[in-house]
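Please open the model in a viewer and follow the stops below in order. Each stop names a selection and states what is found there.

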2 protein chains.
Amino acid sequence: MPANPLARIRVVLVSASHPGNIGAVARGMANMGLADLRLVAPLRHPTAEATARAAGAPVLEEAVVHADLAGAIAPCSLVVAATARRRAARWPVMTPRSAAAALAAHAMGGGEAAVVFGPEQSGLSNADLNAAHALIHIPVNPDFASVNLAGAALLVAYELRLAVCGAGEPAALAPSPAAEPPPATAEQVRGFHLHLEAVMRDSGFLRHKQPDALLRKIHLLFQRARLTAEEINILRGILSAVEKKGANHHPE
Amino acid sequence: MPANPLARIRVVLVSASHPGNIGAVARGMANMGLADLRLVAPLRHPTAEATARAAGAPVLEEAVVHADLAGAIAPCSLVVAATARRRAARWPVMTPRSAAAALAAHAMGGGEAAVVFGPEQSGLSNADLNAAHALIHIPVNPDFASVNLAGAALLVAYELRLAVCGAGEPAALAPSPAAEPPPATAEQVRGFHLHLEAVMRDSGFLRHKQPDALLRKIHLLFQRARLTAEEINILRGILSAVEKKGANHHPE
């Protein structure tokens, strides 16, 4: 198994007409850890516009230009083509997620794979589609179905990264234990609630209500917050200030 | 359940500086069936560049401009913020997929929700992050982590569409309306914090401390608790009672 399966999955742009899109595709690929961009007969390349939109992604500089699709996908044993339009049912149609799973499995098994995108206006020709083993159809609002080329490439690259690297959900993103201030002890929490209750009684608030139900609701809301010791100190500081102000005054 | 939960999820761009990005975000939203775009203090709007990049998406024409973030999220009871940088571990960090599941469940339960994106260069300020209940972190290649604003919005919109319309099971995640009391809106939360701040100043508590750091800590602890409208009523009732007691006394 190769160290990085993403290195075995190339992105192929056929006859891209907007240089900005080429740069934006390179940026999105770099974001997701893809590195191999192939440009088939680009209208203009290289351009300053593509460089600007690539935002420094080395993927753009390393992109390889080919005269035709056959050259761009020569070593690939799995080719999927992104297409906006519905096509005759000659090809299996996959979601980005299911296609990413298939591509990742293929690359993990040591194979080379390609994701092919057609020209912005017309999409891939039937001749080019013949090279594909399956189509990717991005689920979209049928009333506004035209997805920008760079956006479509980013979505597929994102699903590829998830398929290869996982959701990135766990430990790495969780708050580091060192950074978390310690939660307050039950005793500290109880001291705070007694203090708050005293202020509520003293202010007259508790007199006019159902005290038990109210106190329980307040207890639950602070319980949800999982107060830290520092937060309890702040809250009790406020309560003490309020009490002191009351004590400094005389009733009329 | 509303006919279309996506209609209850707004996208908020704070101080977007590139008009092209605004248009591209509108296009991506339309692709995925999102319709409610809010622009907070955009550098330039409307522009021909945004119109061109929107490719006819009505989302752009219908975008609402706000002076500040508070106005843009006023009716929302769930706010998630996309951020590229690591932040202090005070907010739960979610993937686009898990955030989309939470947002979809919230919208299916009848709540309003917002996904907030910051300025291209700097990201969201800490003050704006205070309004968020959670952060979205897009899993990216750590060596090239800067995702284009329009790309980030498209990824989140794509996951939202899958969560709402896909074969997923978001309906099962929806809170049963009877069991869950409705969370407070951002506007209600803001009103509570202004009230609390007034009491803190009036009692003299705020004078002796670093007010900004303190207020931020208090804000975050209540943000974690996800206050309901009823709880805010109770807390403001206590604040009013404390204020009234102070007003009934004369200083020595």
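Select strand E1 of chain A, residues 9-14, in this predicted model. Ile9(A), Val11(A) and Leu13(A) point one way from the strand, while Arg10(A), Val12(A) and Val14(A) point the other way. Residues on both sides are buried, and the strand is accordingly described as mostly covered, with six of its six residues buried.

Which strands are joined to E1(A) by bridges? Add strand E6 of chain A, residues 113-117, to the selection: five bridges join it to E1(A), and the two run parallel. Within this pairing, Val11(A) stands opposite Val115(A). Next add strand E2 of chain A, residues 36-40, which is also joined to E1(A) by five bridges and runs parallel to it. Here Arg10(A) has Asp36(A) as its bridge partner.

From E2(A), proceed to the loop between that strand and helix H2 (48-54) of chain A, where Pro46(A) is located. The peptide bond between His45(A) and Pro46(A) is cis, with omega of about -10°. Then move to chain B and select the loop between strand E2 (36-40) and helix H2 (48-54), which contains Pro46(B). His45(B) and Pro46(B) are likewise joined by a cis peptide bond, with omega of about -10°.

Remain in chain B and select helix H9, residues 186-202, together with helix H10, residues 211-225. Two packed helices are described by the angle between their axes and the distance between the axes. The axes of H9(B) and H10(B) come within 11 Å and cross at roughly 140°. H9(B) is therefore oblique to H10(B), since the roughly antiparallel class requires an angle over 145 degrees. The crossing of H9(B) past H10(B) is right-handed.

Display the side chains at this contact. H9(B) contributes Val189(B), Phe192(B), His193(B), Leu196(B), Glu197(B), Met200(B) and Arg201(B). H10(B) contributes Leu215(B), Ile218(B), His219(B), Phe222(B) and Gln223(B). By character, the residues of the contact divide into seven nonpolar, three polar and two charged.

Continue to the loop between H10 and helix H11 (229-248) of chain B, and select Arg226(B). Arg226(B) has a positive phi of about 50° although it is not a glycine. Its relative accessibility is 30%, so it counts as partly exposed. For a second non-glycine residue with a positive phi of about 50°, select Ser15(B). Ser15(B) lies in the loop between strand E1 (9-14) and helix H1 (19-32) of chain B and is partly exposed, with a relative accessible area of 29%.

Now select Asn141(B), in the loop between strand E7 (134-136) and H7 of chain B. Is Asn141(B) buried or exposed? Asn141(B) counts as buried, because its relative accessibility is 15%, under the 20% cut-off. Apart from neighbours within four places in sequence, Asn141(B) is in contact with Ala30(A), Asn31(A), Met32(A), Gly33(A) and Arg161(A).

Two selections remain. Val164(B), in helix H7 (residues 149-165) of chain B, is buried, with a relative accessible area of 16%. A distance drawn from Val164(B) to Arg190(B), C-alpha to C-alpha, spans 30 Å, the two being 26 residues apart in sequence. Finally, Gln223(A) lies in helix H9 (residues 211-225) of chain A and is partly exposed, at 42% relative accessible area. The C-alpha atoms of Gln223(A) and Gly111(A) are separated by 53 Å, with the two positions 112 residues apart along the chain.

Terms used
Residues are numbered from 1 along each chain as its sequence is written. Chains are lettered from A and ligands numbered from 1 in the order in which they are written. This is a predicted model: local features need pLDDT of at least 70, side-chain atom pairs count only at pLDDT 80 or more; totals for chains, interfaces and linings use all residues. Side-chain values use heavy atoms; hydrogens and water are left out. Axes are lines fitted to C-alpha atoms, for helices over the stretch in contact, and angles run from 0 to 180 degrees between N-to-C directions. Helices (H or I, at least four residues) and strands (E, at least two) are DSSP runs, numbered from the N terminus. Angles under 35 degrees count as roughly parallel, over 145 as roughly antiparallel, 65 to 115 as roughly perpendicular and the rest as oblique. A crossing is left-handed if the near helix is turned anticlockwise from the far one by less than a right angle, and right-handed if clockwise. Contact means heavy atoms within 4.5 Å. Ala, Val, Leu, Ile, Met, Phe, Trp, Tyr, Cys and Pro count as nonpolar, Asp, Glu, Lys and Arg as charged, and the others, Gly among them, as polar. Buried means under 20% relative accessible area, exposed over 50%, partly exposed in between (1.4 Å probe, protein chains only). Two strands pair if DSSP finds at least two bridges between them.
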